Amino acid sequence: MPGNIFEVALGHQSLFVERAIFDARHTPNNLPHREAQIEAMVLNLVDALRGHIPSNMILYGATGSGKTAVSRHVLNQLSEQAAELDRRVHPHEVNCRHVNTRYRILQSIATSLELHGDQSIPFTGWPADRVLKEMLDRMERSGGVHVIVLDEVDLLTGPSGDSLLYDLTSLNTLLNQSRCSLIGISNDLHFVERLPASVRSRLAHEDIVFDPYDSGQIHDILSQRASDGLQKNVLDQGVLRLCSALAAQEHGDARRALELLKASVQKAEHDSSKTVTVAHMRAAQHQLEFDQIGATIRTLPLHQKLVLLAVLINEANGLKAVSTGLVCETYRQATKHMRLEPLTNRRISTLLNDLDQIGLVTARNVSLGRGGRTKLVVSRIPVGINAVKVMVSAEPLLEDAAEARYRLQESL
DNA sequence: TGTCCACTGGAAGGGAGGGCTT
DNA sequence: AAGCCCTCCCTTCCAGTGGACA
């Protein structure tokens, strides 16, 4: 008589003790190799506990260099200490990748201060200035010091972003009962240079730089998390060293290293293995790469998929680098096949830049003399991933266009 | 050395769509 | 219902560009 289908799975002993320790949201109490940055933040933010206004700060550093984790850790500690001293400190964290317009950022901060009986602010509809006023009112009412963290602040571009940063850096001139300090977190060292002078001088009072972790430092971070989050002696020799070395190659990205270690342990569990081997890690690495790129491709808008398809079709026909003109031409044929209105060349040029930005292609500007100026586009999708198949599975309409073009090219 | 090509990329603005206020 | 605000996606216009070629 077969038992419950979950019974067997429950019977397996997990290699994890605490899986959450490997999550991106997890903020550890101990952040190795970030003592200097923590100290710099503390020296500045301690003013909030003395009733003064901490200077605005910008934390710079590559992805996975610990900026967000350090900022969360420091703010958690600040809130704890404030509670102990009966001071009011209100941290607000906004990720500008997800919340990326002036309106929505103001709305998000104001909503975090919403009290029972307050009118809730809609996602859209109000004039932005009204949202700003509402946010100021709520800040005044709650008093104390507000610390606003703008994660990935470099993604706030254009007049709307400048205007928001202007608003936020001017808050202290409008507030009477409370104070405000701003922390920007940026991957881009040159972000501040693009800001208008009026904002730049007020935002960048203190810069804290997070150098990428080297292989040894990532090893320390992984060892610590492994000892907190995994059963004893489940990692084969060499696993941590390989994982750290791979992450160090990828610009010292500790987040990626943790993700890889977690995926490797899951692979081992899937194989009902009692230990995690280098082979599990290699398999996990492939899996992560496939998942990441596959998800990116699947979520592209239709025309962007067609532009990528145009690049891949030309590459499949032996071209190593494709010019913008050729991409446009192939793209137009595909849209004609699908009975779609094609976008303009200008728009395609921007879509190619976007594909370059998200890492699916490399688009390099070159001049071919009398052949004119153009971009040479090369796909960056690893050989093992069938991007056309991924696109077709997400957008079945593309199947005909993809196949028709292949047949056309084969017959040439 | 000037010309020319095939673009690039900034700026401005149109229009659709979603949501709120009056 | 009309008017307003905001965002997003897109087009149009156009000055600028790098380097081969005459």
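Which residue in β4 is the bridge partner of methionine 57? Colleagues, the answer is isoleucine 183, and I shall use that contact as the way into this structure. Please keep in mind throughout that we are looking at a predicted model.

Let me begin with strand β1, which covers residues 57–61. Five of its five residues are buried, and the strand is mostly covered. Its side chains divide between two directions: Met57, Leu59 and Gly61 point one way, while Ile58 and Tyr60 point the other way. The residues on both sides are buried.

Strand β1 has pairing to report with two strands. With β4, residues 178–186, the pairing is parallel and runs over four bridges. With β5, residues 206–210, β1 also runs parallel, and five bridges join the two. Methionine 57 takes part in both pairings: its bridge partner in β4 is isoleucine 183, and its bridge partner in β5 is glutamate 206.

From β4 we may step across to strand β3, residues 144–151. Eight bridges join β3 to β4, and these strands run parallel. One position to locate on your screens is valine 145, which stands opposite arginine 179 in β4. Strand β3 also pairs with β2, residues 89–95, again in the parallel sense, over seven bridges. There, proline 91 of the pairing has valine 147 in β3 as its bridge partner.

Why is β3 described as largely enclosed by the rest of the structure? Seven of its eight residues are buried, and therefore the description applies.

As a general reminder, strands of a sheet pair through backbone hydrogen bonds, in either a parallel or an antiparallel manner. The antiparallel case is found in the next sheet. This is an open sheet of three strands, in the order β6-β8-β7, with antiparallel pairing. The edges are taken by β6, residues 322–323, and β7, residues 361–367; each has a single partner strand, so one side of each lacks a neighbour in the sheet. Between β6 and β8, residues 373–379, there are two bridges in the antiparallel sense. Within that pairing, serine 323 stands opposite leucine 376 of β8.

I turn now to the helices. Helix α1 spans residues 5–11 and contains isoleucine 5. Is isoleucine 5 buried or exposed? Its relative accessibility is 73%, and it therefore counts as exposed. Isoleucine 5 also belongs to a nonpolar surface patch with Phe6 and Leu10, and together the three have about 430 Å² of accessible area.

Helix α2, residues 35–49, contains valine 46. This valine has a relative accessible area of 24% and is classed as partly exposed, because the value falls above the 20% limit for buried residues and below the 50% limit for exposed ones. Valine 46 and alanine 82 are separated by 36 residues in sequence, with a C-alpha to C-alpha distance of 9.7 Å.

Finally, the aromatic rings. How many aromatic pairs does a search of the whole structure find? The search finds one. The pair consists of phenylalanine 16 and phenylalanine 22 in an edge-to-face arrangement, with 5.7 Å from centre to centre and 70 degrees between the planes. Both phenylalanine 16 and phenylalanine 22 are buried.

A further ring contact involves a charged residue: arginine 34 lies over the face of tyrosine 213, at 4.1 Å from the ring centre.

To close, I return to methionine 57, whose partners are isoleucine 183 in β4 and glutamate 206 in β5. Thank you for your attention.

Methods: Residues are numbered from 1 along each chain as its sequence is written. Chains are lettered from A and ligands numbered from 1 in the order in which they are written. This is a predicted model: local features need pLDDT of at least 70, side-chain atom pairs count only at pLDDT 80 or more; totals for chains, interfaces and linings use all residues. Side-chain values use heavy atoms; hydrogens and water are left out. Rings of Phe, Tyr and Trp (its six-membered ring) pair if their centres lie within 6.5 Å; planes under 30 degrees apart count as stacked, over 60 as edge-to-face and the rest as tilted. Buried means under 20% relative accessible area, exposed over 50%, partly exposed in between (1.4 Å probe, protein chains only). A charge sits over a ring if NZ of Lys or CZ of Arg is within 6 Å of the ring centre and within 35 degrees of the ring normal. Patches are made of residues with over 30% relative accessible area and no salt bridge: like charges are joined within 9 Å, nonpolar side chains (Val, Leu, Ile, Met, Phe, Trp, Tyr) within 5 Å. Accessible areas come from the Shrake-Rupley method with a 1.4 Å probe; for residues, only the protein chains shown count as cover. A salt bridge is a side-chain nitrogen of Lys or Arg within 4 Å of a carboxyl oxygen of Asp or Glu. Two strands pair if DSSP finds at least two bridges between them.
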